[in-house]
Amino acid sequence: MKIFLPVLAFLFSCLLALPAEAGQLAQLAETPKPNPAQEAPILNEAALKANILARVGNILKANNAPNAPRPEELSPDLITIEKTHQVALGDLNLFAVKARVVRPTPGGGFDNMILTVDASGQYMFGMVNELATGEEAVMSRAADITAMVLPDKFQSQIYTGTGSHDIVFVSDPFCPYCREAFNFLMANMDKISGLKMVHLPLPIHPGADAASWIMDYAHDSGIRAAEIVNFAYTGLKAPVGKIEDEAREDVIKQIIERFPDALTKERGNAGALLAWLKNGYQARTLLAIDEMRKEGITGTPLILVDNIPVRGFDKNALARLLGR
């Protein structure tokens, strides 16, 4: 599930998109190849920046982005190579790269990129897998590139397990893949030390924001937070044919009916509770959505296992990380 992105963000997502088949090569632009006599491959960062810039220019030109500069006006200063990690796979040397691209349009902003490239900076690889096992072979060896740390102020500690792994779960209660991921995490609490949640309600799910508000409120107030979160992901029904406050009130009514003593005695009926939650938590949720967008997080679920991100519900990847 994806939230709506501005046109420019969509264009940059095209740049980040992986080739259709794992291991397929995508040529960025013509650049000189590295010296074959060089003993230890060194990433040509200048060529990599030039190729990324050329790709950005081509995307802007092809999509007629409004008020965008002409490709020849783009500056290499828009590209920052933040970190690189060489990965040797037999005789093949690749580089995992973390880069930041400033959007060259009014409004600015930036996009984070994680790429797999060759030493020349000319070729970008999609997912590189070990043929025998099918397991990803580059980013799994470059945890310093893929590691992600989210602001603590948006995280709510919901569950404590008996294991050794720390989980941050970015999710929407009405996202079906988030619900699958939630059930998977609950079934593996023996491997998890702590589970924190960051609520990212998507506009395509009316009422999801109200569910997020009440989960945050339950956590902040110590009102059966774990039980309310569990109900939100296993029993709460998405409002049908309703929008905005009508959908929100439907969500609040369902949760009040499930936990009448815990909620009504605190804030009154569904309408009163909704108004109070909207006043106290809507701005916080919108700020979290904006901060997640800055981190490149625009969809759900995202699960961080010891700061290593798993995008979408990838059961095998989660099982592998939890089994370490």
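# Close-up views of a predicted model

**View 1. Pro301 sits in the loop between H9 and strand S9 (302-305).** Helices and strands here are DSSP runs (H or I and at least four residues for a helix, E and at least two for a strand), numbered from the N terminus. This is a predicted model, so local features need pLDDT of at least 70 and side-chain atom pairs count only at pLDDT 80 or more, while totals for chains, interfaces and linings use all residues. Residues are numbered from 1 along each chain as its sequence is written, and side-chain values use heavy atoms, with hydrogens and water left out. Now look at the link between Thr300 and Pro301: this peptide bond is cis, with omega near -5°. For background, most peptide bonds are trans.

**View 2. Zooming out, the protein chain has 10 helices and 10 strands.** Of its 324 residues, 46% are buried. A residue is called buried under 20% relative accessible area, exposed over 50%, and partly exposed in between (1.4 Å probe, protein chains only). How much accessible surface does the protein chain have? It comes to about 15,900 Å², and carbon and sulfur atoms account for 52% of that. These areas come from the Shrake-Rupley method with a 1.4 Å probe, and for residues only the protein chains shown count as cover. The chain also meets itself across long stretches of sequence: among contacts with a separation of 6 or more, 70% are between residues 24 or more positions apart. Contact means heavy atoms within 4.5 Å.

**View 3. The largest nonpolar core holds 51 residues, and Phe169 is among those with the most contacts inside it.** Helix H5 (residues 208-221) gives the most to this core, with 8 residues. A nonpolar core is a set of buried Ala, Val, Leu, Ile, Met, Phe, Trp, Tyr and Cys residues joined through side-chain atoms within 4.5 Å. In soluble globular proteins, nonpolar side chains tend to be buried together. Who does Phe169 touch, leaving aside neighbours within four places in sequence? Its partners include Cys178, Phe182, Leu195 and Tyr233, and Pro301 from the first view is one of them too.

**View 4. Ile214 belongs to helix H5.** With 0% relative accessibility, Ile214 counts as buried. If you skip neighbours within four places in sequence, Ile214 is in contact with Ile252, Ile255, Leu263, Leu273 and Leu277. Take the pair Ile214 and Ile252: they are 38 residues apart in sequence, and their C-alpha atoms are 7.8 Å apart in space.

**View 5. Here H5 packs against helix H6 (residues 225-234) at an angle of about 165°, with axes 8 Å apart.** Two packed helices are described by the angle between their axes and the distance between the axes. The axes are lines fitted to C-alpha atoms, for helices over the stretch in contact, and the angles run from 0 to 180 degrees between N-to-C directions. So H5 and H6 are roughly antiparallel to each other. Angles under 35 degrees count as roughly parallel, over 145 as roughly antiparallel, 65 to 115 as roughly perpendicular, and the rest as oblique. On the H5 side, Met215, Ala218 and His219 make the contact, while Ala225, Ile228, Val229, Ala232 and Tyr233 do so on the H6 side. In the loop between the two helices you'll find Arg224, which is partly exposed at 37% relative accessibility. Phi of Arg224 is near 45°, a positive value in a residue other than glycine. Most residues other than glycine have a negative phi.

**View 6. H5 also packs against helix H9 (residues 270-294), this time at an angle of about 90° and with axes 9 Å apart.** That makes H5 and H9 roughly perpendicular to each other. Among the residues that meet are Trp213, Asp216 and Asp220 in H5, and Leu273, Trp276 and Arg284 in H9. Is Arg284 buried or partly exposed? It counts as partly exposed, at 28% relative accessibility. Not counting residues up to four places away in sequence, Arg284 touches Phe154, Ser156, Asp216 and Asp220.

**View 7. Thr146 is in helix H3 (residues 143-146).** Its relative accessible area is 11%, so Thr146 is buried. Beyond residues up to four places away, Thr146 touches Ile114, Met139, Asn307, Ile308 and Pro309. One of these partners, Asn307, lies in the loop between S9 and strand S10 (308-311). Phi of Asn307 is near 75°, another positive value in a residue other than glycine.
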